[in-house]
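I opened this notebook page to record what I looked up in the structure, feature by feature. The entries follow the order in which I worked.

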Amino acid sequence: MYKDVYEKWLHHPNLDPSYKEVLENMDETEMNDAFYTTIEFGTAGMRGLLGPGTNRINLHTIRKANVGFAQYICEHGEEAKQRGIAIGYDNRHMSKEFAMDSAKVLATYGIKSYVFESLRPTPELSFAVRHFNCFGGIMVTASHNPKEYNGYKLYDEKGCQLVPALAAQVIEKVNAVEDELAIKAQPSEEQEKLITIIGKDVDEEYYKNVLSIQLNPDVNKENVKIIFSPEHGTANIPVKELYTRTGYHFVAVEEQCTPDPDFSNTPTPNPEEGGAYQLAVEYAKKEDADIILVCDPDADRMGVAVKSEDEYGYTLLTGNQSGAVLIEYIFSQMKEKGLMPEHPVMFNTVVTGDLGEKIASKYGVETEKTLTGFKFIGEKIAKYEKSGEKQYVFGYEESYGSLIKPFVRDKDAPQACLMLAEAACYYKEKGKTLLDVLHDLYAEFGYYEESQTSLKLEGEAGAKRIQEIMTGFRTSDMKDVAGVKVVRFEDYKECRIVENGKERELTGFTKSDVLKYYLEDGSWIAIRPSGTEPKCKFYYCVRGASFEEVQQKTNAYQKAWSWKVFV
């Protein structure tokens, strides 16, 4: 079957010439991986390897997605077409080309677009949708994935990534497109006028809003030095600009400030991985810096390392830990300054650690959980914005993404960089590092060790194996993990909870392939296939009375929980 599709692509008269040689040199395995299926939307839109093929990101699969999106827009009438679509892109290979091609395809349907003149962060694209009162948005990015990837995210009129119900409508239209190679991005001269190039005016409005999040703008900034890296991506200009305007003392990792699609000067552009900090740590030691802040290429995620007695000189915080520190700082200052609203609510996900929720509760803030994917948090923000029932005060995920003020409806690393710098200065005046703050929180709420492991399984065989693993866990009646009793089991795909031998319905979530096991000691373990990479992910939130205890438990649980059980 895949060979027929391959042959169709190879000999199609509309095939982009740049793909011809790649197709001709494919071996059987490469051919199968590129054509065995059609690339689909996941938790963060459509993302995959660059290259020719129905299971790859390329001009033709992007055009197919744009036709489906264009038809979706047209169904909403002339007003939706006139409001138009904001389009942004990052530093990756073909990102600008995909963005401009998207605008051209939309123009052939009579749809206006606002395209950034050069690369911009994902949160600024979300902001632009709202700034121009657009009907939606497109962001071309593969976020934190390796250089071989690119992707395509769709946004609604609130600047929020399309939630499943809306994405399903677009996907239905995309799937109805029979021949992606027949689509041409050739608007008429009149249709070309529907494309507007945007830039500095939007930057200024975005910066103005980011600067508004400050709680202690006059905090002493003299004694804290920050090392900052955009990992070759879109955070470079905005974070530098924000720090310069606010007077923070920062040093940029210059080798990683160029918008290099090959990420030449970093082992990985993913702040979740230690390799992203290697060069920044060298800078930090030379400068005797207090903190290191690293953003992913599209600037929606931010990782932090803090000067410490660690053998490397700096301790990398997890997304759960940096989130907890931000929550403590923001909520304590809001309470102190009388800024906490009457019915405050914070959002995180079903695989986010428990410490943040404990802190929020101390300040009278309710926590609501969503599925993985910030679009679900954005959906909740919109719900309460409309009803007025609760007031948003913070949202975050364990994967280094947070949102402080919701003028953006996606993760916003520039906001996080500004607020964490402020927190570092505030606490240094009190004789504390951010690591000290975290340790204080452990002393108050109990010790937590949050970790994640993953199993990478690529191609058709890998996809099948991941499903076999999920089925293996789903159908096994797991009574304990490393001798600790399982007291509750949640299946977000089959929408069921099993507790005390009784089963009941799990409500309030869109069906999703996630399993979660709660243990008698207050720990939990979750498993889900990644929505953006060929991986099966395992999440651990382990609770104990000391660092030593949680580390020992984590090792025991990871060993007992090994995916090898189901090999």
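Before noting any helix, I fixed the term: helices here are DSSP runs of H or I with at least four residues, and they are numbered from the N terminus. I also note that I am working with a predicted model.

**Entry: Gln-278**

I looked up Gln-278 and found that this residue lies in helix 12, which covers residues 278-287. I then asked whether Gln-278 is buried, partly exposed or exposed. Its relative accessible area is 48%, and because the partly exposed class runs between 20% and 50%, I entered Gln-278 as partly exposed. I also checked Gln-278 against Thr-266, which is twelve residues away along the chain, and the two C-alpha atoms are separated by 7.7 Å.

**Entry: the second largest pocket**

I turned next to the second largest pocket, for which the computed volume is about 1000 Å³. Its lining has 47 residues, and those that lie nearest the centre are Glu-272, Leu-316, Thr-318, Tyr-400 and Glu-450. Which element gives the most to this lining? I found that strand 17 does, with eight residues. Several elements each supply at least two lining residues, among them strand 12 (314-316), helix 13 (319-336), helix 17 (434-445) and strand 17 (447-456), and further along the chain I listed strand 24 (535-544) and helix 19 (547-560) in that group. Sorted by class, the lining of the second largest pocket divides into 18 nonpolar, 18 polar and eleven charged residues.

**Entry: the second largest cavity**

I then went to the enclosed spaces, where the count comes to two cavities of 30 Å³ or more. The second largest cavity holds about 70 Å³ of space. Its lining includes Met-302, Gly-319, Ser-322, Gly-323 and Leu-326, and I also noted Tyr-396, Glu-397, Tyr-400, Gly-401, Ser-402 and Ala-416 there. Helix 13 provides the largest share of this lining, with four residues. By class I wrote down five nonpolar, five polar and one charged. Tyr-400 deserves a cross-reference, since this residue lines the second largest cavity and is also listed among those nearest the centre of the second largest pocket.

**Entry: strand 4 and its partners**

For strand 4, residues 113-116, I asked which way the side chains point. Ser-113 and Val-115 point one way, Tyr-114 and Phe-116 point the other way, and all are buried. Strand 3 (residues 85-89) pairs with strand 4 in the parallel sense over three bridges, and Ile-85 stands opposite Ser-113. Between these two strands the chain passes through helix 6 (residues 95-108), and the resulting β-α-β crossover is right-handed. Strand 4 also pairs with strand 7 (residues 195-198), again in the parallel sense and over four bridges, with Thr-196 as the bridge partner of Tyr-114.

**Entry: a hairpin**

I followed strand 20 (residues 496-499) into strand 21 (residues 502-505) and found that they run antiparallel, joined by four bridges. Glu-499 has Lys-502 as its bridge partner. The two strands form a hairpin with two residues between them, and in the turn Asn-500 has a positive phi of about 55°.

**Entry: an open sheet**

Another sheet that I traced is open, with four strands in the order 14-13-15-16 and mixed pairing. Strand 14 (366-370) and strand 16 (402-403) stand at the edges, and each has a single partner strand, so one side of each is left without a neighbour in the sheet. Strand 13 (residues 344-349) and strand 14 run parallel and are joined by five bridges; within this pairing, Asn-348 has Lys-369 as its bridge partner.

**Entry: aromatic pairs**

My last search covered the whole structure and gave 23 aromatic pairs. In one of them, Trp-9 and Phe-35 meet edge-to-face, at 5.6 Å centre to centre and with 80° between the planes. This pair links distant parts of the chain, for Trp-9 is in helix 1 (residues 2-11) and Phe-35 is in helix 3 (residues 28-35), 26 residues apart. I checked the exposure of both: Trp-9 is buried with a relative accessible area of 0%, and Phe-35 is buried with 3%. Finally I noted one aromatic cluster, formed by Phe-127, Tyr-206, Tyr-207 and Phe-407.

Methods:
Residues numbered from 1 in each chain as written. Heavy atoms only, no water. Buried < 20%, exposed > 50% of the residue type's maximum accessible area, 1.4 Å probe, protein only. 1 Å grid on protein atoms, 1.4 Å probe; cavity = no way out; pocket = protein on both sides within 12 Å on 5 of 7 lines; lining within 4 Å. Points joined across faces, edges and corners; volume = space filled by probe spheres on them. Nonpolar A, V, L, I, M, F, W, Y, C, P; charged D, E, K, R; others polar. Pairing = 2+ DSSP bridges. Right-handed = clockwise from strand over helix to strand, strands pointing away. Phe/Tyr/Trp six-rings, centres within 6.5 Å; stacked < 30°, edge-to-face > 60°.
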